[in-house]
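Me: Could you take a close look at the largest pocket for me? I'd love to know where it lies and what lines it.

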Amino acid sequence: MLSRKQFTLYTHKTGVNGWKVALLLEELGLYGKTELKYLEVDDNKNEVKASPHIDLNPNGRIPTLVDHSNNDFVIWESCAILLYLVEKYDKGGGFTVSDHNEKYKQLQWLFFQASGQGPYFGQISHFLFAHPVIVPTAVQRYQDEIKRVIGVLECVMSEQEWLVAGKFTIVDIALFPWHDAAIQYYLPPGTYDLAKEAPHVNAWYKMMLERPSVKRGWGQRDVFLQESPFKEGLAAAHQRVAEAAHEK
């Protein structure tokens, strides 16, 4: 597998999960050593389900990372990639933990993100922008789940600034992208005040937005979003849901 760089990251320009990996690569100083392959996921050109990507990742989803410096080692599932990168390249433990109990706390939150945040937040994206029929009850279910997940974080962050070991870790990297997407796009404009409903989560969110890696990496996603039709359809999507709910 030929590459001029240390890593190849198969990802998507505006899809959320791949940016978790990009943010950690930024933090580790490895982003510049990574070749980014942006795959299309629409019905006309579904590259994630085609070769060469499907040959590397039988699940056919992004992200997928290839570490060419480790015999072209392939790893997929975003949280698994985060764990791989810190265990192999974060020798000083700057973005992970060493204490035995804290390691399991870290795993706890990564599992929470992978099972309780990402899938539910992804479903609201589907029902808002991709589902062929507007289903207001489905949209409401997943918007309520966004608020519930934020409530879980608020419960813990009301007593501590960071979720694990009193510091910024891969847990924060894992949780941030979907949280930002939810606050900016998935809840109807003007219906949810994060600063009021979850002030400690809001403080964490602001700290995350100020990190240089987030400004560079996540900022690049914003550029891609501006170039896509996504934002143009955002207000229309929420309006369609509101109209459909009113008709019910």
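Reply: The largest pocket lies between domain 1 (7-89) and domain 2 (100-247), because both give residues to its lining; these bounds come from an automatic or database domain assignment. This is a predicted model, in which local features need pLDDT of at least 70, side-chain atom pairs count only at pLDDT 80 or more, and totals for chains, interfaces and linings use all residues. Residues are numbered from 1 along each chain as its sequence is written, and side-chain values use heavy atoms, with hydrogens and water left out.

The pocket holds about 1800 Å³ of space. Here a pocket is an open set of points on a 1 Å grid over the protein atoms alone, where a 1.4 Å probe fits, with protein on both sides within 12 Å along at least five of seven lines; lining residues have an atom within 4 Å of a point. The volume is the space filled by probe spheres set on the points, which are joined across faces, edges and corners.

Of the 45 lining residues, His12, Gly15, Val16, Val41 and Ser125 are the closest to the centre. Two or more residues come from each of helices H1 (17-27), H3 (78-89), H4 (100-129), H6 (170-186) and H9 (212-227), and H4 provides the largest share, 9 residues. Helices are DSSP runs of H or I, at least four residues, numbered from the N terminus.

By type, the lining has 19 nonpolar, 16 polar and 10 charged residues. Ala, Val, Leu, Ile, Met, Phe, Trp, Tyr, Cys and Pro count as nonpolar, Asp, Glu, Lys and Arg as charged, and the others, Gly among them, as polar.
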